[in-house]
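Student: I should like to learn how to read a helix and a cysteine in a model. May we go through one together?

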Amino acid sequence: MSDRFICIHGHFYQPPRESPWLEEIELQDSAHPYHDWNERITAECYAPNAFARILDEENFITDIVSNYEYMSFNFGPTLLSWLENKYPGVYESLLEADRRSLSHFGGHGAAMAQVYNHIIMPLASPRDKLTQVRWGIRDFEHRFGREPEGMWLAETAVDTETLEVLAAEGIRFTVLSPYQCAGVRVLDSNDWIDVTGGKVDPRRPYLCRLPSGRSIALFFYDGGISQEVAFGGLLDSGENFADRLLSGFSEQGRGPELVHIATDGETYGHHHRNGEMALSYCLNSIRQRETAKVTIYGEYLELSPPRWEARIIESSSWSCMHGVERWRSDCGCNSGGKPGWTQGWRKPLRETLDWLRDELESLYEEIVESYLAFPWRARDRYIDLVVDRSPESEALFLKEEAHSDLNETEKARVFSALEMQRHALLMYTSCGWFFDEISGIETVQILQYAARAMQLAKTLADKDLERLFCTKLKKAPSNIGAFGHGDKVYQRYVAGAVVTLDRVAGHYAVSSLFHETEESEFRLSYFHVRRSDFSRHTAGKYRFASGTLLLRSDITHDEAEVMFAVLHLGDHNVIGGVKRVDEKPKFQRTLAAVQASFLENNIPSAIIMLDRAFGRQSYLLWNLFKEEQRRVVRSLLDLTYREVEINYRRVFDANYSILRALQDLEMPIPDALAAPVEYILNTDLRSVFQGDGLIDIGALRNAVEEFRRWPFEPTGEELRFEIGNRIGTIMRSVRDQEVSVEILENLVDVFEVVQGLELKLDLHEAQNIYFAVARAADVFPAFRSSRVRQAFRALAKHFHVRVPPSLDKAETYLQP
């Protein structure tokens with residue numbers, strides 16, 4: 001066993017999806033019923049791998065473990081930032097897994113760093129290469145509390161210059177595809193062996209000597225097994241997965257060997273349902289067999305330093321057979337499924353962004369050279385503010401980087417210029433070129449980063465780069481006739497997404513018509529807002545609001561004071577506006593006159609005065625950010641939804657007897673009547689799980705019994721999602737507040753009643769909590785009650801969990 005090692009690496013990554021202006025991911029309908037794709041993939045992959053199930057022969061959970069603790073992994077820094085804010089429990093589990101792995105692997109941690117925002121390094125400028133590596137290292141140190149040993153390269157794309165940067169910054173190793181190795185030789189021998197075409201032996205580490213005199217270790221993963229995991233059926237069985245890895249060793253017993261694979265981490269759960277369970281079973285099986293040792297790259301490198309040397313294939317990657325052409329030309333690599341589509345847009349898109357990068361670099365130097373001692377060192381250090389935007393962090397940054405003390409206006413210019421550079425880096429995120437169409441969401445995302453950078457350039461230096469940018473995009477052909485070329489894609493999906501301080505004010509102005517708040521200071525995303533002189537009135541279907549807002553960006557420190565007045569005329573029609581005014585008292589008198597007309601029910605007069613004050617601004621719902629748009633639309637349609645339900649229920653009740661008779665006669669229900677019946681059945685079941693407190697078992701039993709009378713099953717992923725979430729919420733209260741016998745017995749009754757309905761609930765979170773509470777039962781005084789223990793045990797079968805031995809011990813310990 002001492003010479004046989006196995007390492008499984010997962011590259012966990014999602015492209016940054018945040019709005020460049022709001023720094024938040026807006027609603028993505030394609031991820032429904034989840035809010036966005038990050039949230040969906042977290043539920044399907046990142047969380048399940050943090051709490052992976054070990055099942056027995058009857059598919060009951062016998063243990064819940066973290067896969068991250070025993071595998072090599074990297075997470076994209078931008079994804080980690082999102083997890084930290086949105087799923088802190090999952091985020092903390094990653095950090096804890098790395099800490100625990102140190103004791104398993106001789107002081108080496110399971111986590112690897114990654115180049116910051118997944119750019120294709122061989123296509124990056126030398127300056128951007130350095131920033132990407134430094135940002136990736138600093139982000140890693142900030143989160144994991146240690147220096148990284150290895151760094152993952154986006155798409156494993158590599159060239160010698162990239163390796164030089166890694167080595168110079170203290171990175172000891174990286175992982176590449178076997179098809180990226182050109183030749184190998186025994187260290188200090190003369191004879192190179194050609195291993196192109198993936199013929200390199202992946203079972204040993206290699207040393208890559210660089211022109212500078214530095215060196216870096218390279219691991220070329222096992223391409224065959226990795227392919228079977230990612231695209232074959234190997235994850236259908238954890239036992240087969242373990243057997244396949246163990247079959248990768250040579251038969252000669254020639255000394256230490258490492259069988260290792262690398263795939264997208266999302267393979268385990270997102271691409272392959274329950275793939276995380278196959279992974280946990282595999283890792284557990286290998287450890288129990290003791291025929292090979294599970295390891296990670298850092299530990300193996302210490303135990304078995306390279307005895308062979310390797311040369312790379314320049315500008316190569318793991319996902320393009322043409323090197324790195326997928327990210328700059330129509331090489332033929334695409335995601336498939338669209339016969340006849342081409343990617344002729346890739347080359348002009350990269351050329352356009354390269355032009356913009358060069359323009360922004362020159363502008364950046366011009367703006368900050370009078371404020372910052374070393375502009376490019378400051379950009380490399382700006383990651384310290386990206387991970388910590390506290391006033392203390394900003395003060396320390398400026399103390400170390402600025403020539404002298406800066407006033408607020410100068411600070412705003414410096415931070416805006418640095419943000420301009422951050423977005424100039426983000427616009428090179430690799431996914432923008434990976435897929436098939438320039439109007440795809442990934443490409444639109446990087447175009448939005450470019451738009452934000454150009455907006456900042458316009459603000460800082462009154463330099464309009466957007467016009468020429470769009471002209472250049474005319475050379476990028478879309479596969480969709482309605483778009484024609486990239487300039488129309490930009491106008492359709494990017495130009496309208498741009499957010500200014502005035503638009504933030506407009507968002508608040510319109511939303512204030514529909515939602516009341518007593519707070520005079522609050523936050524809208526990364527904007528601090530102070531409200532004054534606010535008034536809000538309703539007259540029948542009409543609503544009116546006005547006031548003054550002082551807005552300030554927490555990131556760039558830009559600020560503005562605006563006055564607003566808006567009038568809701570019913571439905572989706574809103575008029576009014578926001579305005580920066582020099583003579584505030586005079587404009588206040590104007591708004592007071594508008595308000596007076598409204599209160600006198602003289603709506604035509606109010607409309608005329610608003611037109612004169614702001615110009616004809618038809619705000620509609622466009623000014624609202626996407627989340628608020630949906631909330632307002634739901635509010636506006638609420639009455640319609642109630643009317644639909646009333647009418648459907650009337651049809652259901654009025655025709656109940658005849659429809660039941662059709663059932664008895666085994667006749668199909670006419671389509672026109674089936675829709676109301678199914679709608680009411682699902683509505684009644686959903687309503688039981690809405691609200692707080694205990695679930696009404698009587699109402700649930702009635703809803704379920706009614707469902708069983710009809711040839712329908714609960715429909716919609718959304719319904720199952722809501723019920724699963726409600727059960728998870730109840731279990732959180734059990735964990736965080738008090739183990740209550742009433743809650744436990746209520747949940748037991750819920751499961752007993754819904755048996756037989758094909759709900760297929762996602763109970764991952766509830767199962768995790770149940771298992772954690774059972775393991776720590778001895779610290780919960782409520783378990784002294786035999787009734788509590790009985791109810792808790794009864795839940796085990798419904799959560800498909802074998803009661804841990806710790807519960808038996810706790811029962812003995814806690815006996816009164």
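Tutor: Certainly. Please bear in mind that this is a predicted model. Let us begin with helix H27: ten of its 14 residues are buried, so the helix is largely enclosed by the rest of the structure.

Student: Which residues of H27 are buried?

Tutor: They are Val741, Ile743, Leu744, Asn746, Leu747, Val748, Val750, Phe751, Val753 and Val754.

Student: Against which helices do the buried residues of H27 pack?

Tutor: Their partners are helix H25 (697-708), helix H26 (717-736) and helix H29 (786-798).

Student: How does one check the span of helix H27?

Tutor: One compares an expected length with the distance between the end C-alpha atoms. At 1.5 Å a residue, the 14 residues of H27 (residues 741-754) should span 20 Å, and the end C-alpha atoms are 20 Å apart, which agrees.

Student: What is found just after H27?

Tutor: Glycine 756 is found there, with a positive phi of about 100°.

Student: Let us turn to the cysteines. How many disulfides does a search of the whole structure find?

Tutor: The search finds zero disulfides. A disulfide requires two cysteine sulfur atoms within 2.5 Å. For cysteine 181, the nearest cysteine sulfur is that of cysteine 208, 8.9 Å away, and cysteine 181 is in no disulfide. Cysteine 208 is likewise in no disulfide, its nearest cysteine sulfur being that of cysteine 181.

Student: Is cysteine 181 buried or exposed? I would ask what counts for cysteine 208 as well.

Tutor: Buried means under 20% relative accessible area. Cysteine 181 is buried, at 0%, and cysteine 208, with 6% relative accessibility, also counts as buried.

Conventions. Residues are numbered from 1 along each chain as its sequence is written. This is a predicted model: local features need pLDDT of at least 70, side-chain atom pairs count only at pLDDT 80 or more; totals for chains, interfaces and linings use all residues. Side-chain values use heavy atoms; hydrogens and water are left out. Helices (H or I, at least four residues) and strands (E, at least two) are DSSP runs, numbered from the N terminus. The expected span of a helix is 1.5 Å times one less than its number of residues. Buried means under 20% relative accessible area, exposed over 50%, partly exposed in between (1.4 Å probe, protein chains only). Contact means heavy atoms within 4.5 Å.
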